[in-house]
Amino acid sequence: MADPEAGAHADGVGVVDVAGAAGGGAGPAAAAATAPGNCNDQTTGTDAEAEGGVGKEEKGISLQELIYGASSFHAIVAPVSITMILSAVAVLYINTPETKAAGEQALDSTYQVFTISDDQSAATSIGLGLVNSLIIVSVIGAMTFFIVLLYKFRCMKILIGYMVLASTMLLGVLGGQMFIVAINKYDLAIDQLSFYFTMYNFAIVGSIAVFYQKGIPTYINQGYLIATSVIVAWQLSYFNEWMAWALLIMLALYDLFAVLTPCGPLKALVKLMSKDDAPSMPGLLYEAQLPSNVTRPGRQPKKKKSNSSSEQSDSGNEQQNSSQNARQCAVDETARTINETWKDDGPGENAEDGNVAARNGELEMRQQPTSAITVASSSTAPRNIGSSFRDEKGTEDATAFQSLRQMRSDRSAAAAPPALGVRERPVTKLPLALAKIYKLPLASFDSLGESVDRSSPTAYLQQEFSAVELQTNVEAFLPRNGGRIETTRNKKGDLRYEVYGKNGELKRTLLVSEEGKVMEVVASEESPKDSNTIKLGLGDFIFYSVLVSKAAERGFASFTSCFLCILAGLGGTLVLLAVYHKALPALPISIFLAVVAFVLTIYCMEPWIVDLWQMGPFYV
């Protein structure tokens, strides 16, 4: 599975503007769809900005998406090619007829419910292979769901312990078995003590390089991932031909289901891992570094620190201006997403685990001029959120407000209960800008001036305020279902506002700038070198290698055709990754292209080549 989530993050704290400019309304209207890629469309002139919308959608794939796809392919093609070639060489040259027969018998007895024999017809063999493959894929799916549950309930010690143990056994036992075959076939001179010492160190160092990673050079980690793929592919190549091809086809279909469907286990795992508070899970993912000047479409390229805005060059200003439209699109999307967060069921009900879509258009506030985070405001209010705070009776908020004012004005009756029929509602203190974003009814106007409309708790939403007023703390009602906003401070002592859903989960962290704008705080990655990478699951490496290895057993022509088709399918997948900006299955396109190429090569190309060869050379 290809994963784009390791995109460029700021070295410091990134913030996304989610409110309108000072003195504006509650923020620009949402003009961008949630589908990734819309934020790459360009707008022209100030008219589109004044309307608060986005220009006409650009048809086709943008140049930035093509460049990102090509760069991703260039970064990942070398390790994938090396893995496939080494696997094919291992299957062809680290095997004997005896080991092939023994390995096939072992896999048949372990993984096959229905035995496939050579005396069966092709249709029967295909049918039994598909049934056996379906059983294997079902077990894989169940195990994947179990892993998702372990990760969801934070059973990280069990999960990581299992992965470390499995990886160590794979490198030590299966790697040792492969080494024994090579020793016996090529009569390598090695004593038993040296063999066990070598395999023990190979397994332990490999597990440390894959899962611990600290202090380990990147090429060591990548080398062990490639070695793991080659060892597993060598082991799986013992499946008989019908079973191997049926299994590859079923795995490609399963990959589509697991990644793209709403109930897919890999989609659920990616969703859980993308949460802000999700624990890190080092594992079997190959991570390739992209060039520093290449960024994911819709995301801001990194900018160097500067103590003064006058130090920025003219070319830097031009680049900032050219990306302003993409930022506006991202800001509109963020305002829409945050305003929908408390709709109907309270904070966080409609947001996708706190992952605001505008993170793809992340803006860096640190060491940048004010213009870098300034966007055009819009008088268009966000979607109707005020209705979500009304109960069955539309006048209850006004009643509660008037009751609370009466209680506060009457000092002697401060301890008196509220009016009959008015249920208690939690009250919190927060800046007026935040109250406007979430359309919270105000409980008190004491901290605001006389110009504020006091006719109802939500009348202020129709007014415009200065930057100072937007930063003023006010008392506002919160929903009764448990959603809340808490005021905290970061390590530097700056105020932050944490938004929690009705179930107590943290949805996002916000701040209010000096201009009265509400920003979302985006945590930066710890390691700058990991900020611009492309990830590919090790399972994709393994099954690419199995396919190429089985094709290599039939000849060089089938090996070459499958090898090229897999790379072509991988390139197409990476282009789609650049367009859709979300995790995509890496197996289906490559596997289906390679299977078709294999069949055409075996039954069309190779007979033609043999006939041509038998007819003798042609002289021109």
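These legends accompany several close-up views of a predicted model.

**View 1. Y254 and F257 form a tilted ring pair in helix 8.** Welcome to the aromatic side of the structure, which has ten aromatic pairs by the ring-centre rule. In this one, the ring centres of Y254 and F257 are 6.3 Å apart and the planes meet at 45°, so the pair is tilted. The label follows because tilted covers the angles left between stacked, under 30 degrees, and edge-to-face, over 60. Both residues belong to helix 8 (residues 241-260), where they are three residues apart, about one turn of the helix. An α-helix has 3.6 residues a turn, so residues three or four places apart point the same way. How do the two partners fare for cover, buried or partly exposed? Y254 counts as buried, at 12% relative accessibility, while F257 counts as partly exposed, at 33%.

**View 2. F179, F195 and Y196 gather in a ring cluster.** Here the link between the three residues is made by ring pairs.

**View 3. Two arginines lie over tyrosine faces.** R154 lies over the face of Y151, 5.9 Å from the ring centre. In the other example, R484 is over the face of Y500, at 4.1 Å from the ring centre. R484 also has a charged partner: its side chain meets that of E486 in a salt bridge, with an N to O distance of 2.6 Å. Both bridge partners are partly exposed, R484 at 27% relative accessibility and E486 at 31%.

**View 4. A salt bridge joins R554 to E241.** This is one of three salt bridges in the structure. The side chains of R554 and E241 meet at 2.8 Å, N to O. Which parts of the chain does the pair link? They are distant ones: R554 is in the loop between helix 15 and helix 16 (556-580), and E241 is in helix 8, with the two positions 313 residues apart. R554 is partly exposed, with a relative accessible area of 38%, and E241 is partly exposed too, at 30%.

**View 5. Helix 15 is largely enclosed by the rest of the structure.** Helix 15 covers residues 538-552. Of its 15 residues, 14 are buried, so the helix is largely enclosed. How does its span agree with the expected one? At 1.5 Å a residue, the 15 residues should span 21 Å, and the end C-alpha atoms are indeed 21 Å apart. A salt bridge can be seen here as well: K550 pairs with E553, the closest N and O atoms being 3.3 Å apart. K550 counts as buried, at 5% relative accessibility, whereas E553 is partly exposed, with a relative accessible area of 33%.

**View 6. Eight named side chains make a nonpolar surface patch.** V113, F114, V131, I135, V139, M143, F146 and Y162 together make a patch of about 710 Å². Which helix gives the largest share? That is helix 4 (residues 122-152), with five residues. M143 is found in helix 4 and counts as partly exposed, at 40% relative accessibility.

**View 7. V596 and C562 are shown with their C-alpha separation.** V596 has its place in helix 17 (residues 588-614). With a relative accessible area of 47%, V596 is partly exposed, because exposed needs over 50%. The C-alpha atoms of V596 and C562 are separated by 8.8 Å, and the two residues are 34 residues apart along the chain.

Note on methods. Residues are numbered from 1 along each chain as its sequence is written. This is a predicted model: local features need pLDDT of at least 70, side-chain atom pairs count only at pLDDT 80 or more; totals for chains, interfaces and linings use all residues. Side-chain values use heavy atoms; hydrogens and water are left out. Rings of Phe, Tyr and Trp (its six-membered ring) pair if their centres lie within 6.5 Å; planes under 30 degrees apart count as stacked, over 60 as edge-to-face and the rest as tilted. Helices (H or I, at least four residues) and strands (E, at least two) are DSSP runs, numbered from the N terminus. Buried means under 20% relative accessible area, exposed over 50%, partly exposed in between (1.4 Å probe, protein chains only). A charge sits over a ring if NZ of Lys or CZ of Arg is within 6 Å of the ring centre and within 35 degrees of the ring normal. The expected span of a helix is 1.5 Å times one less than its number of residues. Patches are made of residues with over 30% relative accessible area and no salt bridge: like charges are joined within 9 Å, nonpolar side chains (Val, Leu, Ile, Met, Phe, Trp, Tyr) within 5 Å. Accessible areas come from the Shrake-Rupley method with a 1.4 Å probe; for residues, only the protein chains shown count as cover. A salt bridge is a side-chain nitrogen of Lys or Arg within 4 Å of a carboxyl oxygen of Asp or Glu.
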